[in-house]
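Subject: Handing over the structure

Hello,

Here is the structure I promised to pass on to you. Have a look at it first, and then read on for what turned up in it.

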Amino acid sequence: MRKPGLLFALMTTAGLASACGPGPGAAPCPAIAQATAVSVTVSASYAPRVAALHIKACQDGECTEGDVELHPGSASIDQGCTPEGVCSATASPDGTKFANLFLQTLTESPMSVTASATAPDGSPLPVQTLDFRPWGDYPFGEQCGRFITASVLLDAHGLHEQS
């Protein structure tokens with residue numbers, strides 16, 4: 001599905017559609033900016049064991065690290081569409097937690113992410129590392145630009161690339 005990064009990009013901006021593209025008849029592009037960040041989701045089954053999270057991301061010879069703020073996660077619940085084509089959804093807590101580590105730049109070159117978590121009692125949880133390649137896509141069409149996403153999932157078995 002690969003939607004967490006796109007959802008994050010949409011949440012970090014306030015603008016709606018503005019016209020772009022090659023002249024008349026071009027599809028409108030949302031006025032949103034690319035978020036240069038690694039997004040981390042803590043699985044619902046592992047989230048109760050994680051009280052604090054420190055992330056380190058290295059790419060192209062540069063590393064960024066820091067303690068990240070964990071937020072409650074949610075899932076979108078489809079509420080259907082009206083006959084006029086207006087559709088809606090609502091968010092429902094799903095037991096996950098999520099955080100973002102903001103970077104200076106984000107490319108599609110290989111990246112290493114390390115997660116160091118702390119349990120509610122203050123004890124350290126196993127350090128997890130994942131080497132992967134962020135991916136790019138054109139969610140609004142090629143005329144609207146390429147979005148690069150780096151999303152990982154942390155669970156009791158380690159870090160996994162989130163799709």
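Below is a short tour, from the overall layout to the details.

Please keep in mind that this is a predicted model.

**The overall layout**

The protein has one helix and 12 strands. If you follow the sequence, the helix comes at the start of the pattern and the strands come after it: α-β-β-β-β-β-β-β-β-β-β-β-β. The protein has 163 residues, and 34% of them count as buried. Its accessible surface comes to about 9300 Å², with 55% of that belonging to carbon and sulfur atoms. Among contacts in the protein with a separation of 6 or more, 61% are between residues 24 or more positions apart.

**The core**

A good place to begin inside the protein is the largest nonpolar core, which has 27 residues. Which of its residues have the most contacts inside it? They are Val38, Leu53, Ile55, Met111, Val113 and Leu154. Two or more residues of this core come from each of the strands β3 (37-42), β4 (52-59), β7 (87-102), β8 (111-118), β9 (128-132) and β11 (147-155).

Val113 is worth a click in your viewer. Setting aside neighbours within four places in sequence, Val113 is in contact with Val38 and Ile55, both of which are also on the list of core residues with the most contacts. The other contacts of Val113 are Lys56, Ala57, Gln128, Thr129, Leu130, Phe132 and Leu159.

Another residue to look up is Ser39, which sits in strand β3. Is Ser39 buried or exposed? Ser39 has 10% relative accessibility, so it counts as buried. Not counting residues up to four places away in sequence, Ser39 touches Ala99 and Asn100, and also Ala150, Ser151 and Val152.

**The disulfides**

There are three disulfides in the structure. As a reminder, a disulfide is a covalent bond that joins the sulfur atoms of two cysteines.

One of them is formed by Cys29 and Cys144, with 1.9 Å between the sulfur atoms. This link is left-handed, with -85° about the S-S bond. Cys29 is in strand β2 (residues 29-30) and Cys144 is in the loop between β10 (135-137) and β11, so this pair ties together parts that lie 115 residues apart in sequence. Cys29 counts as buried at 4% relative accessibility, and Cys144 is buried too, with a relative accessible area of 19%. The cut-off for buried is under 20%.

Cys58 and Cys63 form another disulfide, and here the sulfur atoms are 2.0 Å apart. The torsion about the S-S bond of Cys58 and Cys63 is about 110°, which means that this disulfide is right-handed. Cys58 is partly exposed, at a relative accessible area of 21%, and Cys63 is partly exposed as well, at 46%.

The remaining disulfide is that of Cys81 and Cys87, whose sulfur atoms are 1.9 Å apart. The link of Cys81 and Cys87 has a torsion of about 100° about the S-S bond, so it is right-handed. Cys81 counts as exposed at 53% relative accessibility, while Cys87 counts as partly exposed at 49%.

**A hairpin to look at**

Strand β6 (residues 71-81) pairs with β7 in the antiparallel sense, over eight bridges. To see one of the partners in this pairing, find Pro72 and then look across to Lys97 in β7, its bridge partner. The hairpin of β6 and β7 has five residues between the strands, and within the hairpin Gly85 takes a positive phi near 90°.

**An aromatic pair**

How many aromatic pairs are there? The count comes to one. The pair is made by Phe140 and Phe147, and its geometry is edge-to-face, with the ring centres 5.7 Å apart and 75° between the planes. Phe140 is partly exposed, with a relative accessible area of 23%, whereas Phe147 is buried, at 9%.

That is the end of the tour. Do write back if you would like to go through any part of it together.

Best wishes

Note on methods: Residues are numbered from 1 along each chain as its sequence is written. This is a predicted model: local features need pLDDT of at least 70, side-chain atom pairs count only at pLDDT 80 or more; totals for chains, interfaces and linings use all residues. Side-chain values use heavy atoms; hydrogens and water are left out. A nonpolar core is a set of buried Ala, Val, Leu, Ile, Met, Phe, Trp, Tyr and Cys residues joined through side-chain atoms within 4.5 Å. Buried means under 20% relative accessible area, exposed over 50%, partly exposed in between (1.4 Å probe, protein chains only). Helices (H or I, at least four residues) and strands (E, at least two) are DSSP runs, numbered from the N terminus. Contact means heavy atoms within 4.5 Å. A disulfide is a pair of cysteine sulfur atoms within 2.5 Å. Rings of Phe, Tyr and Trp (its six-membered ring) pair if their centres lie within 6.5 Å; planes under 30 degrees apart count as stacked, over 60 as edge-to-face and the rest as tilted. Two strands pair if DSSP finds at least two bridges between them. Accessible areas come from the Shrake-Rupley method with a 1.4 Å probe; for residues, only the protein chains shown count as cover.
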